[in-house]
Amino acid sequence: MKHLKLALAGLAAFSVLAGCGNDKTPNPMAAAVGAVAKTGMAKLKGQSAEAAPAAQPASPKDLRAELAKAGQPILLVSSTALGQTGFLTVSDAKGGVLTWATPDGATFSQRDGVLIQTRGLGFDLMSAQVPSVGQLRQVGTPYQRVYFFLGPDDQGTRRTYDCVTASVGTESIEVLGRTHATTRLTETCTRSSGGGKVTNEFWIDGAMIRQSRQWVSAGLGYIDFARVID
Amino acid sequence: MQPTSRLFALLALGTALVSAPALAEMSGTLNLNGATGLIDMPSGDAQKDATFSFSTALIGPVSRATLSFQFSERLSGSFRFQTWRDWDTLIPGDSEESDRSIDLRYQVLKEGKIAPALTIGLQDLTGQGLFASEYVAATKTFGDKVKVTAGLGWGRLGSDGGIGSPFGSRPPVDPTGVPNADQWFRGEAAPFAGVEYKVNDNWTLKAEYSSDAYVLEDAERGLIERDSPFNFGVEYQRNPYMRFGAYSLYGSEFALAFHIILDPKSRATGGIVGKAPVPVKARPARAADPEAYDSGWVSQPDAGPILRQNLAKRLAKDGIAVENLAYTADTVQVRIRNGRIDAGSQAIGRTARALSHVMPASVEVFEIVPVVNGIGASKVTIRRSDLEALEYTADNATLLRERVTVTDAGPAPAWSLGDEDLYPKFRWSLRPVVRLSEPMEGDIGLRLSANYDMAPGWVLSGSIYKELVSNREASASTSTLPHVRTDGSRYNEFGDPALEKLTLAWFARPADSLYSRVSVGYLERMHAGVSGELLWKPVDSQLALGAEVNYTKQRDTDGGLGFGEYDYDIVTGHVSAYYDFGNGYLGQLDVGRYLAGDVGATMSVDRVFANGWRVGAFATVTDVSAEDFGEGGFDKGIRLTIPFNWALGTDTRRGFDLNFRPNGGDGGARLNVDDRLYQSIREYHTDGLDPDWGRVWR
């Protein structure tokens, strides 16, 4: 009984009194309680804790026209693991690398359309040794891919894969109401040690990767990318 | 629900809600004693390296709460608090009895193709013997579903179905509190056995034959009737963090168990979440734009304040304050105070990125000096061109580390620009606090803290604590030593609210690799005075040496400023050696004089994880005899820090600290002074930065 009393009082103290003062260090204990409560509420309402998807304009073409007004390149990113889809703009461009940012501060960096880094997603890809578009086009020629991560204990780890690409043929794909004639390539990567297989898909449109499905990390799995506006 | 289990449940819940990675292969499961095993019996298995667990079990009128830690792949330990209710059923007296016990287990053999896993265990190795047992247990897995265990036990585990005493008779425990080495593996030995069947990833069935006669609970006290040696049970693994068990024990009792299992090596969110860093800003090529590299800006009088202001604005987003800035045409030195990011390397990376945006192109060398308590902890020198070249390179963390140097901080350049807004600065906070003295005993209250940063290295700080709820048992000290610690319950009772501390501290760097601290005032709840410390720790050294001298008077119990109640003052002090054994194992040896005037040494070993988890154990032996010390025999305990970022995945430097000293006495007691130097300095030395250096790019 006395234990129960202590526990209840403690819970009340943590949830009601988030703590105050001008020392701006956050009080994570209160945040934890808050997060628990919030997720619980969302579950009760039968929806995921993630934000509800934004209202969609009438047609893909209208949306494209809306996006084009911004006058800058746009990448469509969707992740099953994160349950999110978003239109991203470029936050950094240098040396052949484009970094795309979400409004809430996550980024995807791609070298010629091939993913090399992510930030702000939790299970981030810290860096990677990846093929160029030219390399991807050399169907049947083996090469290595190396992914670098931070383990859950924050120590650096790497995964090395032996990869080869195969041509699936030409495909006509639609990206937000616009049709593109592409060559589809499948990249198959196997791990020399430790097992595991990665299969990335690329739809190449002229010199650029128009659309792709690329593996990010063990925690995030695959993410789909499509260049909406060049 | 118990307060600790509630707390841990909250932590676990916070992490469980985030989509967790797939269930890792379970090494061994936990038993009613919170040790790896079957139901009431141990097994030859071990937990996954670094697993930390909190177990509560209810066996009729007996409850057990156990903290266990797999200290290395083979070595594990437990600290248990056991309560027997209805203790007066047969013999008049207290209605409740409690006992603390410590276990150690070592896995001699790991399971192979043919060989079973083999573990030797010591249960309740220092106590009064209520739960004392030793055992050897072997466990073999057949297929991926069945595990069979067989073992031989002594002590309690040799009390039913004995086969004789292979190593002679078992002497009584004397004195309590010290390792009872003369008892170990003595007396009757008895075999035990059991089988586990894993139905699927969630459900496990268990059955065992127990060699524990429950003499204490059955014959002596009449609490539990032991009708049969067979136990049966079913366990449910809800997720990687929670396991439940229900059992039929000894043909007469029903038992329940609940385990919270935490893996310090796995942050549930994977990596730290939180916003991506700003990209490194590239400079124009020198050939293309030579004017950008002109160093004329150095002589502009307003350049300094503008640069410092721009930098401070960028770094404020990451909770980093700019202490001061000094520059020449090609080098900048910035002194930073990291208030939020838990990894030193990430704070350095964020600072370097900000510098790439702020500093004119002619500045090629970034010197970043993290400042702790007003003193520079180290100097990390990064070439701007390396930062630019490696940002998107594969394995950029390793490559950058090869090009970066970590050296002694040195003094701040004389021409550096401080920030008038940083000093003096007043900070205060009012926060709920949990203070535990046992796994299930403690109080919850409010702490009002205030800090006044007067000048770099000079801090005036104080705190007042008001208890809200407590379940501590008041107990009068019977210690024959000066009551430097054992009057704790008087301090809790009479001083509420109490001034916990009110101190003026001065931190400095008297020379290269030397750090110093002087604290004056009400240093802790029970003692006040002066404390001085000197630490020698080169930035790349695994060894550090320190010395501390204190002169203190014992404070009144009412939580005020007086010294009338005790007429006790003493000079205490220690020389200390710290050694980083690598892979996160830290050792410390302190030799000196303790608060009760006793002389001796403290050994401590901690395992620290890159993400901030810290689990350690310490033991102090002084010239106080085990009899004078009291029930505990000598001072020993475990300590634990769980960083909030591990549970929440967000940037924060705060954590949940626990410090348990079972049966602590007046012997081997040290002054609890704040801000001892080693830990805070080490974070920014190579042994603190390197394990999670990869976060420099985070």
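These are my notebook entries on confidence in chain A and strand pairing in chain B of a predicted model.

**Entry 1: confidence in chain A**

I began with the confidence values. The mean pLDDT of chain A is 79. I noted that 75% of the residues in chain A reach 70 or more. Next I asked where in chain A confidence is lowest and where it is highest. Helix α2 (residues 28-44) of chain A is lowest, with a mean of 32. Strand β7 (residues 127-129) of chain A is highest, at 97.

I then looked up two weak stretches. Residues 1-18 of chain A have a pLDDT below 50. In the model this stretch has 34 contacts beyond near neighbours in sequence. Residues 24-55 of chain A are also below 50. Here I found 38 contacts beyond near neighbours in sequence.

**Entry 2: the barrel in chain B**

I turned to chain B. How many strands close into the barrel? I found 12, running in order from β1 to β12 of chain B. Their pairing is antiparallel. From one strand to the next, the twist averages 20 degrees.

I checked one pair in detail. Strand β5 (residues 117-123) and strand β6 (residues 133-142) of chain B run antiparallel and are joined by seven bridges. Opposite Leu122(B) I found Glu134(B), in β6(B).

I added a reminder to myself. Strands of a sheet pair through backbone hydrogen bonds, either parallel or antiparallel.

**Entry 3: β23, β24 and β25 of chain B**

I moved further along chain B. Strand β23 (residues 498-511) pairs with strand β24 (residues 514-522) over eight bridges, in the antiparallel sense. Trp506(B) has Val518(B) in β24(B) as its bridge partner. Two residues lie between β23(B) and β24(B) in their hairpin. In that turn, Ser513(B) has a positive phi of about 65 degrees.

β24(B) also runs antiparallel to strand β25 (residues 527-536) of chain B, with eight bridges joining them. Tyr515(B) faces Leu535(B) across this pair, since I found them listed as opposite each other. The hairpin from β24(B) to β25(B) goes through four residues.

**Entry 4: β28, β29 and β30 of chain B**

Last, I looked up three more strands. Nine bridges link strand β28 (residues 585-593) of chain B to the antiparallel strand β29 (residues 599-608). Gly587(B) has Val605(B) as its bridge partner in β29(B). Their hairpin has five residues between the strands, and Gly597(B) in the turn has a positive phi of about 90 degrees.

β29(B) is joined to strand β30 (residues 614-622) of chain B by nine bridges, again antiparallel. Gly600(B) stands opposite Thr622(B) in β30(B). This hairpin has five residues between its strands, and Gly612(B) takes a positive phi near 105 degrees.

Note on methods: Residues numbered from 1 in each chain as written. Chains lettered and ligands numbered in written order. Predicted model: local features only at pLDDT ≥ 70, side-chain atom pairs only at ≥ 80, totals over all residues. pLDDT = per-residue confidence, 0-100. Contact = placed C-beta atoms within 7 Å. Pairing = 2+ DSSP bridges. Axes fitted to C-alpha atoms, helices over the stretch in contact; angles between N-to-C directions.
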